[in-house]
Amino acid sequence: GIIFLLLIAGTAVGGYLFRDMVQEMVPQTKQLYKMIGLNDPLGTGLDIQNVRSEREQEGEIDVLNVTGNIVNVSNKPRKIPLIRISLYNEDREEVQFINLTPAMVEIPAGEEMTFKGSIMDPSTEAKKMEVTFTEPKASKEVKE
């Protein structure tokens, strides 16, 4: 009985410690890891850097242009999720957003990719901007 328990415990610990390798070798296990909450958070191994914003006028419309870099800080290629540019009011409520499809599906280890997005007629309530990653199922429309 003790040997059986040690075998089960050893398998569980190994599955946890080597989950990246297990998921790479047996892709079907990704759903299992996700179900039990052991999947990697969205954007693991990626860093959003050098975010800059600039306002300009396009005819009568005020436009907020946002640029930055997505950097793969890991030692293996990473898939790039959707990029979300959000504007928040002073109560930290999201008042406007846009989701960008990255120019590359995957980014090699140590490499970087530039992104650019534009929010047309940004809300006058907006006090803070944030750039994050989001799931593909999120709306791709600008929140009014």
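**Exercise 1. Determine which residues Thr 132 touches, leaving out those up to four places away in sequence, and place Thr 132 in the fold.**

Step 1. Not counting residues up to four places away in sequence, Thr 132 touches Ile 48, Leu 82, Ile 83 and Arg 84, where contact means heavy atoms within 4.5 Å. This is a predicted model, in which local features need pLDDT of at least 70 and side-chain atom pairs count only at pLDDT 80 or more, while totals for chains, interfaces and linings use all residues. Residues are numbered from 1 along each chain as its sequence is written, and side-chain values use heavy atoms, with hydrogens and water left out.

Step 2. Thr 132 is found in strand 8; helices (H or I, at least four residues) and strands (E, at least two) are DSSP runs, numbered from the N terminus.

Step 3. For one of the contacts, a backbone distance can be added: the C-alpha atoms of Thr 132 and Ile 48 are separated by 7.6 Å, although the two residues stand 84 residues apart along the chain.

Step 4. With a relative accessibility of 26%, Thr 132 counts as partly exposed, given that buried means under 20% relative accessible area, exposed over 50%, and partly exposed in between (1.4 Å probe, protein chains only).

**Exercise 2. Decide whether Thr 134 is buried or exposed, and list its contacts beyond four places in sequence.**

Step 1. Thr 134 lies in strand 8, which covers residues 128–134.

Step 2. Its relative accessible area is 11%, so Thr 134 is buried.

Step 3. Once neighbours within four places in sequence are set aside, Thr 134 is in contact with Leu 42, Pro 81, Leu 82, Arg 84 and Asn 99.

**Exercise 3. State how many salt bridges the structure holds, and work through the one between Glu 94 and Arg 84.**

Step 1. The structure holds five salt bridges, a salt bridge being a side-chain nitrogen of Lys or Arg within 4 Å of a carboxyl oxygen of Asp or Glu. Side chains of opposite charge can pair when their charged atoms come close.

Step 2. In one of these salt bridges, the side chains of Glu 94 and Arg 84 meet at 3.0 Å, N to O. Because Glu 94 lies in strand 5 and Arg 84 in strand 4, the pair ties together parts that are ten residues apart in sequence.

Step 3. Arg 84 counts as buried, its relative accessibility being 12%.

**Exercise 4. Identify which residues are joined with Glu 130 into one network by salt bridges that share partners.**

Step 1. Glu 130 forms a salt bridge with Arg 92, and the closest N and O atoms of this pair are 3.1 Å apart. The pair links distant parts of the chain, since Glu 130 is in strand 8 and Arg 92 in the loop between strand 4 and strand 5, 38 residues apart.

Step 2. Glu 130 is partly exposed, with a relative accessible area of 22%, and Arg 92 is likewise partly exposed, with 45%.

Step 3. The side chains of Lys 128 and Glu 130 also meet in a salt bridge (3.6 Å, N to O), and Lys 128 counts as partly exposed at 40% relative accessibility.

Step 4. Through these shared partners, Arg 92, Lys 128 and Glu 130 are joined into one network.

**Exercise 5. Examine the backbone angle phi at Asn 50 and at Asp 121, and locate each residue.**

Step 1. Phi of Asn 50 is near 55 degrees, a positive value in a residue other than glycine. Asn 50 has its place in strand 1 (residues 46–58), and at 45% relative accessibility Asn 50 counts as partly exposed.

Step 2. Asp 121 is not a glycine either, yet has a positive phi of about 50 degrees. Asp 121 lies in the loop between strand 7 (112–120) and strand 8, where, at 53% relative accessibility, Asp 121 counts as exposed.
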